[in-house]
Amino acid sequence: MLGENDENKPPQAPEPSTDSLSKVLEALFARQDARDEAREAREIARDEAREKRDEARQQILVKKLDELSASIQSSRRQGMSPRMDPTHAPQMALPPVSFGHAKAYFDTLASPTRKGANVSSSGSIQSTPHNAQQKSDKFTSLYYANLANTYPEKPNILINDMFAYLGSAWAQAYAAVRAEDCTLITDELRDYCRRMKYTDLRSEDHRQSVVNALFKMIEKQLRPKGADGAPGLHWEDKHVRQMPNGRKPDGVIVAEFPGLPTDWSTVAASIEIKSSAHGIEDSVLSGQLLQDFLDMAEHQPRRFMIGLAVASDCKVFVHLCLPHGIYSCAVGQLPSAAETESRHFELIRFVLAMYTALPADLGFLAHTPYGFSSTFKVTDIPGCTVSSEEFKGMDIKLQGGRAFNGRRGRLTGSRSWIYRAQVQSADGTQSSAIFKFIWYSKARSEVDVHTKVQDMDIPYVPRLLHSAKVILPKVNLTEHEEVVGDILVVADAGVGLEAYFASATIFGDMVPFIDVVAGYVHTLLAANNAYGDTHVLHRDISVNNLMVRGGQPVVIDWGFGVIFDHTTLRVASKDAIIGTAPFMGIRVLASHGTRSVIDDLESLFLVLSYLLWSEYGTKNDHHLDLWGGKMEKDKLADNRSNWLASPAEYIKRMELRPTDSKVLALVKQFYHVVFPEDPGIYKIRNDASDPRLAAFDAHALLGVFDAVVEPTGDVQTPCLDKLRRFVDENPRVGFMSEETKTSGKRTATDAGHSSMLPPSKLRY
């Protein structure tokens, strides 16, 4: 395992002088500053162009809606039915807007990094070409409408069904609400409407005013009851003061934590209010709540999130966001001066119950009396099952209390948060580690895959120190898959490959970097070794999942790996496109139903190409053709085929500055292994079975490195030496004959299968 064999560690370079080190650091900082300024300028220009485009589209939409309205009015004046022949009606479909989570675009669907993150001084946070979306206050109605289309189905449920998930405390709080309290608040609210002359609440401003008054009346009634009845929540109208990320929800219910400012981490529930606007009210309102949920879960895992939507007809709906899915529940209607019916009691009753039950459990991962805590034990997590007594007694302290990495762009299904943490055992020993939490469908588990790889003694895999599982209450309301949580505490993996490459470029010695790449190849081949009892494919090789610690390679994030044994094919079928889009193999983008180790090696080749382009390439919009940007998979597959059609075209399209870097020589050699001239890129993409499998030769991979690194006594390459010994001992590793491809019954545990992910879209 990693770090156990000291003789395999790379040689230590002689310590540079203070002056030379200062110059190198100054050059490094100057280069990084120049990159940051260029990146910021590109982002500003892109945002301005996007804003102009969205404004133009919105004007077109409004114009068409006006034409529709005029046509209806004209038909009514002529005594005709307002129902029109749809073939003559103006087209009202919203134009596809390619930003955020509006559609299944590549920049947000497969990114394992925090959006817009740059490399920090420690090099621990990575940025990739497909996640350039920045936090912005330029959210438009079209953005929210398209976001709502990402989650089109929100099953309607009854309030008792909602309480069945939230727990008995909610049901008891709802049952304990007194009818006289509901009557008192309803009467006060009607008096308020009469004073304000709100007779029908058609105006959004009027509804906003009534909602504001409602929550203030409820808090006023609850507070005089003393400590037991005082709410741990308070209402804030966010029209005056925006949230830290620039957004302005119509209102938020905030948990009262002493000394903590109001931000999305302290929001217990959000409220959105909309008027009838051009017929897209429902989608905009839903999209705003969805964005609220995304903001609430940005840095802290939540088992549930609550949002209230007030529609133009004054009906109020509770949206319950769970890892299983998103549900909607009607909870009554806002009262006005003219209304006297009792249906308003249901709304008042729910809000009173929410103020009673919510402070006891805000839905954070760790259930503590103070909401989310940066220090907790795994036993504080509801539904957590852990077999290790040592792990049960450990204190986990999340550094900064905020996730620095993970996939948090999707509200249902697979989501993850990654923190740097300090773990303190029962004897007081502290150690630095990585704490990772993932929501997964029941069919998959990163703990299972990582444990299997570790048991197989695969080289360059970080040690899994502790693990546990979280079982959520079952939701029998729909056919959503059951969701479970994985907790992993993993040994620190060091810095990202991108930062390591930048450092190697400055010092000018690329041999240690190339040696690290040989280690990655060793890991992928060893995990897929044909002579073992169990084989594993990683399926998510990306610039973010390749790390370096102490000069040693480290391959992380095995959550989308697939395990299969000696009775099954080493070509794993898939039911959804899995991976990080810019680094997906061409056959993966083409939706072929097989995955092999060659796809993982192709992803490694694309990572090296990206590093080369990021250092020496020309930075302009042309790079979208190479790495995907916001285009859909079929378009990216076409661009990728054209780019990789020949070695000359591959180099030409990256528009590299002149360089004698050994990495350039490495990728040129790597190209011929991943895309051999026979069968060629187009057959590789289009054939039903991968034509590269039968001719795969691991010794050709050794030739890639031997052509770049000259074997001399002064150059030490421990990782390459280990790879060479492994291939010599396993000459047919990765080889797959036609007979092997077509025989056997696959019984693999496919960690990529999830019915929550349509086959036509990438994961978030």
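I will talk about the sheet in this structure, the helix that lies across it, and then the cysteines. Please keep in mind throughout that what we are looking at is a predicted model.

Let me begin with the sheet, which is open and made of six strands in the order 1-2-3-4-5-6, with pairing that is mixed. Its edges are formed by strand 1, residues 233–236, and strand 6, residues 326–333, each of which pairs on one side only. Going from one strand to the next, the twist averages 20°.

At the strand 6 end, the neighbour is strand 5, residues 315–321, and these two strands pair in the antiparallel sense over six bridges. If you would like a residue to find on the screen, take K315, whose bridge partner in strand 6 is Q333.

Turning to the helix, helix 7, residues 204–222, lies across strand 1, strand 2 (251–255), strand 3 (267–273) and strand 4 (305–310). Relative to strand 1, helix 7 runs at about 155°.

That brings me to the cysteines, and to the question of how many disulfides the structure holds. The number is zero. For C314, the reason is one of distance, because the closest cysteine sulfur, that of C193, is 8.8 Å from its own sulfur, which is too far for a bond, given that a disulfide requires the two sulfur atoms to be within 2.5 Å.

As for burial, C314 counts as buried because its relative accessibility is 5%, and C321, with a relative accessibility of 1%, likewise counts as buried, the cut-off for that term being under 20%.

Notes: Residues are numbered from 1 along each chain as its sequence is written. This is a predicted model: local features need pLDDT of at least 70, side-chain atom pairs count only at pLDDT 80 or more; totals for chains, interfaces and linings use all residues. Side-chain values use heavy atoms; hydrogens and water are left out. Buried means under 20% relative accessible area, exposed over 50%, partly exposed in between (1.4 Å probe, protein chains only). Two strands pair if DSSP finds at least two bridges between them. Helices (H or I, at least four residues) and strands (E, at least two) are DSSP runs, numbered from the N terminus. Axes are lines fitted to C-alpha atoms, for helices over the stretch in contact, and angles run from 0 to 180 degrees between N-to-C directions. Contact means heavy atoms within 4.5 Å.
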